[in-house]
Amino acid sequence: MRRAGRWYTRNLRWPAWPHSLVNRTLMTLLVGLAVVQGAGLTIHALDRIELQRFAELRDMGIRAMSIYRSAVATPLGDRASALREMELGPNVSAVLALAPPMVPEPTQPPYVGQIRVNMNLVPVRAMNRPRDIVIRGAPWSDMICIGMQFPDQGWLILRMNLPRPRPWHSPTFLIAFVLMTVAAAILSIWAVRRLTKPVTLLAEAAERLGRDVNAPPLPENGPDEVMRAAVAFNTMAARIRRFVQDRTFLLTAIGHDLRTPITRLKLRAEFIEDDEQRQKFLSDLDELDAMVSATLVFGRDTADTEPAVAFDMVALLRTVLDDAADARPEAADALCFSGPAHLTVTGRILALKRSFANLVGNAVKYGNAARVTLTTEDGMAMVTIEDDGPGLPPDELERIFEPFYRVEDSRNRETGGTGLGLPIARNILRAHGGDVVLGNRAGGGARAVVTMPA
Ligand SMILES: Nc1ncnc2c1ncn2[C@@H]1O[C@H](COP(=O)(O)OP(=O)(O)OP(=O)(O)O)[C@@H](O)[C@H]1O
Ligand SMILES: [Mg+2]
């Protein structure tokens, strides 16, 4: 059985067990509240029943002794008829007998005590006192039998039926109970929502940080634990920011400092007499210059100085395609867009434009076409850029994201890139909480797939 239970909890989800922390805590609290209220109600009911019983037993003791007093004062021969005429009260029957009552259940001592104490409250002359008193029957079985032995002869047997206990009789109690339960439930809901809010805020802040390292810090207030978590989170975000800034600063500083010697070398190259050598030297220097420029652009893009704004992704993609068509009018017919009319996303618009421009540019440059498709799914926008080129060697799909890496034939084809476009594009997209992967289409050609939070 235990194994089966474990299997159940491991492999199936209990359908009623909620997913969110708020609902789990609430459910636990409310179930706890129900159990506590149930236990409280039971204790209250038992207590009230007990009290009612004691009150009835007290009344019963007095009534029994009063009936006995009237009976014993009547001569022996008239007792039976006197009893019949006597006003016994509700739920009481009396008979005369020669033996004590034969009811099997005994009466617990506290009840016996209660009845006897109250019997003593009725004054009876010493000579008339009962020779013996037998009390049988449990109050829980709703019947008590009292036998009192007359001093002369026989027993007076009284059967007294107890009314059913009614612990919920008081309407004020029920109203108070319902009000209390509702108030406790409302308070629990309010408290749980309030207490778990910081967890939601922290999750949102982590999400924001993933998209934008410069996201505003969390407010450092609230209870001690929440404040400590917020301070720790802000410190972590600041460290990440500093780390990224230091690296980019170093990169741009190197790029910047390389420019002067390159310019100097270009000037000196003019003095090389061999024309062919000079030309080669200068073209190498141009390539180096392009690499340094691209490095500086990379530094500028990752410096995150541009603010994140909401903009229309469709408009951005169309602009990128138009620019590509202007740059390569002969490929304009192979550029197309399909997707919704508008899609608003938040991000650094210039940086994103640069990354899409590179992806579309690559498709046109290496694949002579760029078919852009925009779709949305589960809060993510997906942009696919397909071309008709040779595609990419499968084992280089990841390497082309390395800085300055270029596939061998594109180097030979003099397409004139630096190999920094893809790493920059990926860097920008990842800073927005998205990503880009490259692959090959089944029918030939490459496919770049960009995902981004919409
Ligand atoms: N759609 C594509 N089809 C085939 N090869 C591609 C495609 N996109 C990229 N590549 C290969 O990946 C390499 C790296 O691309 P990346 O954009 O990083 O640099 P680049 O285009 O050469 O230079 P730039 O820095 O000017 O963008 C390219 O040189 C090319 O060989
Ligand atoms: Mg490129």
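Which residue of β3 does Ile133 stand opposite? Keep that in mind while we walk through this predicted model; the answer comes at the sheet.

**The whole chain**

Start zoomed out, with everything shown as a cartoon. You should find 11 helices and 11 strands in the protein. The radius of gyration is 47 Å, well over the 22 Å that the globule rule gives for 454 residues, so the protein is more spread out than a compact globule. Along the principal axes, the C-alpha atoms fill a box of roughly 160 × 45 × 40 Å.

Now colour by domain: select 48-161 for domain 1, 224-301 for domain 2 and 306-453 for domain 3.

**The sheet**

Next, select β1 (92-97), β2 (133-136), β3 (143-149) and β4 (155-161). Together they belong to an open sheet of 4 strands, ordered β1-β4-β3-β2 and paired in the antiparallel sense. At the edges sit β1 and β2, each pairing on one side only. On average, neighbouring strands here are turned by 15° against each other, direction ignored.

Zoom in on β2 and β3, an antiparallel pair joined over 4 bridges. Show Ile133 as sticks and look across: the residue opposite is Met148 in β3. That settles the opening question.

Now add helix α2, residues 21-73. α2 lies across β1, β3 and β4, and runs at about 150° to β4.

**Two helices side by side**

Move on to α5 (residues 171-211) and α6 (residues 224-269). Two packed helices are described by the angle between their axes and the distance between the axes. For α5 and α6, the axes come within 11 Å and cross at roughly 5°. Angles under 35 degrees count as roughly parallel, and α5 and α6 are therefore roughly parallel to each other.

To see where these helices meet, show side chains for two groups:

- in α5, Pro198, Leu202, Ala205 and Leu209;
- in α6, Val226, Ala229, Phe233 and Ala237.

What kinds of residues make up the contact of α5 with α6? Colour them by type: 8 are nonpolar, with no polar and no charged residues.

**Domain 2 against domain 3**

For the last stop, select domain 2 and domain 3 together. Their C-alpha centres lie 23 Å apart. How many residues of each domain are in contact with the other? On the domain 2 side there are 6, and they touch 7 residues of domain 3. The side of domain 2 that touches domain 3 divides into 4 nonpolar residues, 1 polar and 1 charged.

Conventions. Residues numbered from 1 in each chain as written. Chains lettered and ligands numbered in written order. Predicted model: local features only at pLDDT ≥ 70, side-chain atom pairs only at ≥ 80, totals over all residues. Domains from an automatic or database assignment. Nonpolar A, V, L, I, M, F, W, Y, C, P; charged D, E, K, R; others polar. Pairing = 2+ DSSP bridges. Axes fitted to C-alpha atoms, helices over the stretch in contact; angles between N-to-C directions. Parallel < 35°, antiparallel > 145°, perpendicular 65-115°, else oblique. Rg over C-alpha atoms; globule rule 2.2 N^0.38 Å.
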